[in-house]
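These are notes for a colleague who is opening this entry without having seen it before. Please read them with the model on screen.

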Amino acid sequence: MYYVLLIYPVYIIHMVFIYLGSWLFFQAEIQVVFQFVLLNIFTFAGSFIMYEFAIRRVKILRPLFGLRQIDNSFDVSATEQQHDKSRNRKVEIQTMET
């Protein structure tokens, strides 16, 4: 599920890193192969770091990149009840099969 959510934001933000990396690395007097490798590493790392530390965690940026708002009210008891219900269903199914 993590990768499904990051596809669209990384798709949007990678263009910025491609242009920035091209501007930085194509001015350098190095071989084209190394420029290509550096650009790919820079784009990959920059996009995922930007997603993880800015887009995913800053509430204002989430909707701009197609992500839902985070609900900070996490109810542990409701989660435990859902877990117990699913466990009971598995037990019922297993007893029906035997």
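1. Glu-52 has a relative accessibility of 14%, and it counts as buried because the cut-off for that class is under 20%. The model is a predicted one, and the values here are computed from it. Glu-52 is one of the buried residues of helix H2.

2. Which residues are linked with Glu-52 in a network of salt bridges? They are Arg-56 and Arg-57. Between Arg-56 and Glu-52 the closest N and O atoms are 2.4 Å apart; between Glu-52 and Arg-57 the corresponding value is 3.1 Å. The count of salt bridges comes to 2.

3. The two arginines fall into separate exposure classes. Arg-56 has a relative accessible area of 30% and is partly exposed. Arg-57 stands at 51% relative accessibility and counts as exposed, because the class begins over 50%.

4. For the overall layout, the protein has 98 residues, with 3 helices and 0 strands. The order from the N terminus is α-α-α. Buried residues come to 20% of the chain. Of the contacts between residues at least 6 apart in sequence, 48% join residues at least 24 apart. The protein exposes about 8200 Å², and carbon and sulfur atoms supply 66% of this area.

5. Helix H2 covers residues 32-55. It contains 24 residues and spans 32 Å from first C-alpha to last, close to the 34 Å expected at 1.5 Å a residue. Its buried residues include Gln-35, Leu-39, Thr-43, Gly-46, Ser-47 and Tyr-51. An α-helix has 3.6 residues a turn, so residues three or four places apart point the same way. The buried residues of H2 pack against helix H1, which is residues 2-25.

6. Ser-47 gives a detailed view of this packing. Is Ser-47, a residue of helix H2, buried or exposed? Its relative accessibility is 1%, so it counts as buried. Leaving aside residues up to four places away in sequence, Ser-47 touches Val-10, Ile-13, His-14 and Phe-17. Ser-47 and Ile-12 are 35 residues apart in sequence, while their C-alpha atoms are 9.0 Å apart.

7. Phe-17 can be read from the other side of the same contact. With residues up to four places away again left out, Phe-17 touches Leu-39, Phe-42, Thr-43, Gly-46, Ser-47 and Met-50.

8. Phe-17 also belongs to the largest nonpolar core, which has 8 residues in all. The other members are Leu-6, Val-10, Ile-13, Tyr-51, Ile-55, Phe-65 and Leu-67. H1 and H2 are the elements that give two or more residues to this core, and the largest share, 4 residues, comes from H1. In soluble globular proteins, nonpolar side chains tend to be buried together.

9. Some nonpolar side chains lie on the surface instead. Val-33, Phe-36, Val-37 and Ile-41 make a nonpolar surface patch of about 400 Å². Phe-36 is found in helix H2 and has a relative accessible area of 55%, so it is exposed.

10. Taken together, H2 can be read through two sets of residues. Leu-39 and Ser-47 are among its buried residues, and the buried residues of H2 pack against H1. Phe-36, by contrast, is exposed and forms part of the nonpolar surface patch.

How values were computed:
Residues numbered from 1 in each chain as written. Predicted model: local features only at pLDDT ≥ 70, side-chain atom pairs only at ≥ 80, totals over all residues. Heavy atoms only, no water. Patch = residues over 30% accessible without salt bridge, like charges linked within 9 Å, V, L, I, M, F, W, Y side chains within 5 Å. Areas by Shrake-Rupley, 256 points an atom, 1.4 Å probe, with all protein chains shown as cover. Salt bridge = Lys/Arg side-chain N within 4 Å of Asp/Glu carboxyl O. Buried < 20%, exposed > 50% of the residue type's maximum accessible area, 1.4 Å probe, protein only. Expected span 1.5 Å × (residues − 1). Contact = heavy atoms within 4.5 Å. Core = buried A, V, L, I, M, F, W, Y, C linked by side-chain atoms within 4.5 Å.
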